[in-house]
Amino acid sequence: MVAGLSSEQRLEMRAIRKSFGAQAALDGVSLSVAPGEVHALVGENGAGKSTLMKVLSGAHQPDGGEMTLDGRPYAPADPHEARRRGVGMIYQELSIAPHLTVAENIFLGLEPRRGLLLDCAALRARAADTLRGLGHAGIDVDAAAGTLSISQQQIVEIARSLAMGCRVIVFDEPTSSLAQEDVAQLFKLIDSLAARGLAIIYISHFLEEVRRLSSRLTVLRDGRSVATHRTTEVTDAQIVTEMVGRSVAELYPRTPHRPGEALLAAEIPGRGALTVRRGEVVGLCGLVGAGRTEFLRALFGLDRTAASVRVGAFTLPAGTRVRWLRHVGMVSENRKEEGLALALGIADNVCLPSLRQLGRGGFISPAQRSAHTTRWIEDLGIRCQDPDQPIGRLSGGNQQKAAFARLLEADCDLLLLDEPTRGIDIAAKAKIYQVIDRLVTDPVRPRAVLMVSSYLPELLGVCDRIAVVRRGQLGPLRAVADISSEALMREATLS
Amino acid sequence: MTSSAPGARFGKILSTFGPLLALIVVWGLFFLFGNHAIGSAEGLESIVQQTVVIGIAAIGMTFIIVSAGIDLSVGSAIALCSVVAAKLAVGGCGPMTVLPVTLLAGMVAGLAIGLLVVYVRLIPFITTLGTLLILRGLALGLADSQAINAQEVGWLRFWLNSLPDNLRWLMIPPGGWLMIALAAGATAVLRFTVFGRHVFAVGSNEQTAHLCGVAVHRVKLLVYMIGGAFAALSGLMLVAYQGQGDPTGATGYELDIIASVVIGGASLSGGVGSVFGSLIGALVMTVIRTGCTLNGINESTTRIITGAIIVLAVLVDRLRRRAD
């Protein structure tokens with residue numbers, strides 16, 4: 001490598017390797033980012049993005065390869081040293097101390113002092129300065145950080161990185177918990193950070209975001225950096241092919257669906273009514289916060305509402321237990337907090353609603369439990385060590401497959417799916433679409449699916465009928481052939 | 001599926017047998033470098049006699065802690081139940097009356113805690129800090145603030161008396177066997193029943209349990225009632241051991257009991273724990289105490305050692321979790 005070239009880069013990672021036991025998580029990753037550049041890192045879940053970032057932030061030490069920062073060797077022993085050297089991370093899960101003020105959060109660990117005392121005036125002034133520099137002078141430096149919105153908390157974190165003098169900032173899927181307008185704000189902010197000469201690494205699932213922000217992108221697959229492109233010189237299809245290692249021509253299976261008798265007839269007073277037939281997939285779209293999730297939760301009896309829910313011949317009272325008994329199951333949008341008990345094993349998670357069928361008189365046969373779980377592990381291709389492995393150790397896609405397997409194990413007739421493919425890789429998405437298709441086209445007992453999604457191509461690809469939820473109101477159901485994504489978007493955003 | 005990596009398997013073995021290993025090491029150290037009496041039949045008997053009260057209550061506490069709850073009033077519940085049992089037994093009631101009434105007393109106390117936690121939505125820690133005083137007060141009131149002598153109640157004393165020569169083959173007092181049998185039963189319930197798995201699910205993630213149709217409220221109520229039932233049995237064993245129902249007895253036991261469960265590998269944030277681990281935790285603490293006494297180590301040093309072991313156990317547990 002030419003010496004002159006490498007000194008232009010702010011950060012260089014060369015042939016980084018890292019193994020855990022026999023498994024190579026990183027097997028030769030090279031990545032460089034120049035001052036003023038936004039470099040995007042894309043790849044499926046499990047491709048090694050998070051391990052790479054842990055190496056960069058000093059949480060893991062690499063087994064091989066080298067890193068340089070501004071031409072000098074860079075090998076942080078821990079995250080603290082990484083920060084001191086000027087590498088800051090903005091994670092998906094924010095690390096704000098909710099009870100401290102904004103100013104205290106920004107200068108946490110670097111508080112200006114006067115002798116032994118905290119210099120409150122300087123602290124507040126400098127915090128206000130930093131926020132003004134970010135174009136967010138509106139954030140009150142004296143407010144408790146926990147009272148801010150998520151997007152404001154994110155800005156506080158960015159301000160903290162700047163206050164520490166970071167020259168490289170890594171964003172790890174920063175938009176996953178933001179509303180649309182906050183995303184636009186964040187993008188502007190990232191642009192301005194780059195314009196100031198900071199080097200930005202931006203990790204995302206969303207190719208649109210990568211296109212909007214980055215000048216170069218690197219694709220990671222199976223722990224290797226497969227390719228680096230100028231963003232303007234590569235097509236989406238090419239990126240996806242490189243991410244998956246094969247082309248995903250038929251992501252959405254288009255087996256003809258033959259809707260049969262109505263299975264679900266539901267009405268929530270003041271919000272709307274709908275029916276779902278056996279053998280069809282019905283989609284609910286709308287903006288985040290429009291009430292789609294609340295609708296689904298009301299149907300599943302998770303929240304107390306006046307919903308009247310009929311499944312087949314039965315009118316269901318409130319409560320989730322009776323729904324599982326009637327073969328109605330739900331996948332939560334919030335996999336980590338609600339969907340799964342992360343510390344428990346796969347088998348415990350998959351079999352939880354239907355434990356009684358695994359034995360007699362309240363006893364469970366461990367052999368049956370393993371056998372049932374193994375069946376779904378194989379059917380859905382869940383990558384794991386054994387059925388009792390804690391589910392929190394699996395990748396997002398495999399976790400979601402397990403959350404889905406719960407509904408299969410309970411032999412559900414009606415599947416309520418809330419963002420069933422959020423934050424999972426393309427291969428896992430393809431698998432879930434395939435299983436949905438298989439369930440609704442079952443020749444003996446076609447199932448019914450009602451799903452909520454924020455991703456319109458997915459709804460248009462999977463559903464037979466779609467309704468828009470706007471401000472808590474359910475719109476009319478329309479056949480998917482009669483609508484376009486533009487029309488849906490217009491209906492969702494119409495005020 | 002791939003086969004488990006050797007590291008993961010080692011971690012699993014360690015987390016299953018870690019507490020047992022600790023017990024053997026502690027006992028071995030005292031035996032090798034101290035008074036050999038800790039390995040004698042009398043030493044064993046004395047260890048068991050001192051462990052049973054804590055151990056039985058720790059079985060119930062395991063249910064509570066696995067469900068992500070806590071019961072700080074278990075010592076008071078033990079004292080209350082010992083008073084109830086002693087009072088009835090001294091008044092001439094037989095085991096067929098004493099046992100159910102004492103159990104009922106313990107379970108009602110547990111139910112009260114459960115109702116406060118579930119329906120009034122109080123935090124278990126604070127709730128049981130309150131019931132700690134309430135139950136102690138009830139015990140004192142019921143016993144008129146005086147210990148009730150039950151030395152002569154043979155059928156109760158039998159459980160933790162030194163073994164008579166014709167029963168030497170039992171090796172440890174019957175109370176010890178009772179504790180082991182209860183632990184076996186409790187293990188079966190926690191691991192192989194729907195209810196047991198629901199306890200783990202509620203402790204690991206209450207929202208998930210609710211989503212999956214687990215009757216979260218009922219599970220929590222039952223868990224505290226089970227805790228109360230084991231506290232009652234523990235109270236009976238206290239009478240057997242001390243020969244009296246003492247309203248000021250078992251003071252501070254809650255800490256020993258919770259420490260036993262934690263040394264045994266349970267997590268105070270719920271979802272993790274094993275009954276036999278808790279028993280071993282209780283044994284570790286008794287062995288340290290007995291060992292110190294036998295070797296003439298004074299009370300202050302004993303306490304420091306016990307405390308250090310608890311901290312060490314939690315530390316080892318953290319390292320173990322990080323390793324696997």
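Begin by selecting Ala57(B) in this predicted model, and then add the residues that it is in contact with once its neighbours within four places in sequence are left aside, namely Val74(B), Ile78(B), Phe230(B), Ala231(B), Ser234(B), Tyr253(B) and Ile257(B).

Ala57(B) is also a good way into the largest nonpolar core, which has 180 residues and in which Ala57(B), Leu80(B) and Met237(B) are those with the most contacts. Select next helix H10 of chain B, residues 216–242, since the largest share of this core, 17 residues, comes from that helix. A second core, separate from this one and made up of 60 residues, can be found by selecting Ala103(A), Leu198(A), Leu217(A) and Leu220(A), which are among its members.

Now show the whole of chain A, whose secondary structure comes to 18 helices and 23 strands. Its radius of gyration is 25 Å, close to the 23 Å that the globule rule gives for 495 residues, so chain A is as compact as a globular protein of that length. Along the principal axes, the C-alpha atoms of chain A fill a box of roughly 75 × 50 × 50 Å, and 46% of the 495 residues of the chain count as buried.

Finish where the two chains meet, with 30 residues of chain A in contact with 25 residues of chain B. On the chain A side, select helix H11 (321–325), helix H12 (335–339) and helix H14 (366–380), each of which supplies at least two of the residues that touch chain B. Coloured by class, this side of chain A shows 17 nonpolar, six polar and seven charged residues.

Notes: Residues numbered from 1 in each chain as written. Chains lettered and ligands numbered in written order. Predicted model: local features only at pLDDT ≥ 70, side-chain atom pairs only at ≥ 80, totals over all residues. Core = buried A, V, L, I, M, F, W, Y, C linked by C-beta atoms within 7 Å. Buried ≥ 20, exposed ≤ 12 C-beta atoms within 10 Å, placed from the backbone. Helix = DSSP H or I, 4+ residues; strand = E, 2+ residues; numbered from the N terminus. Contact = placed C-beta atoms within 7 Å. Rg over C-alpha atoms; globule rule 2.2 N^0.38 Å. Nonpolar A, V, L, I, M, F, W, Y, C, P; charged D, E, K, R; others polar.
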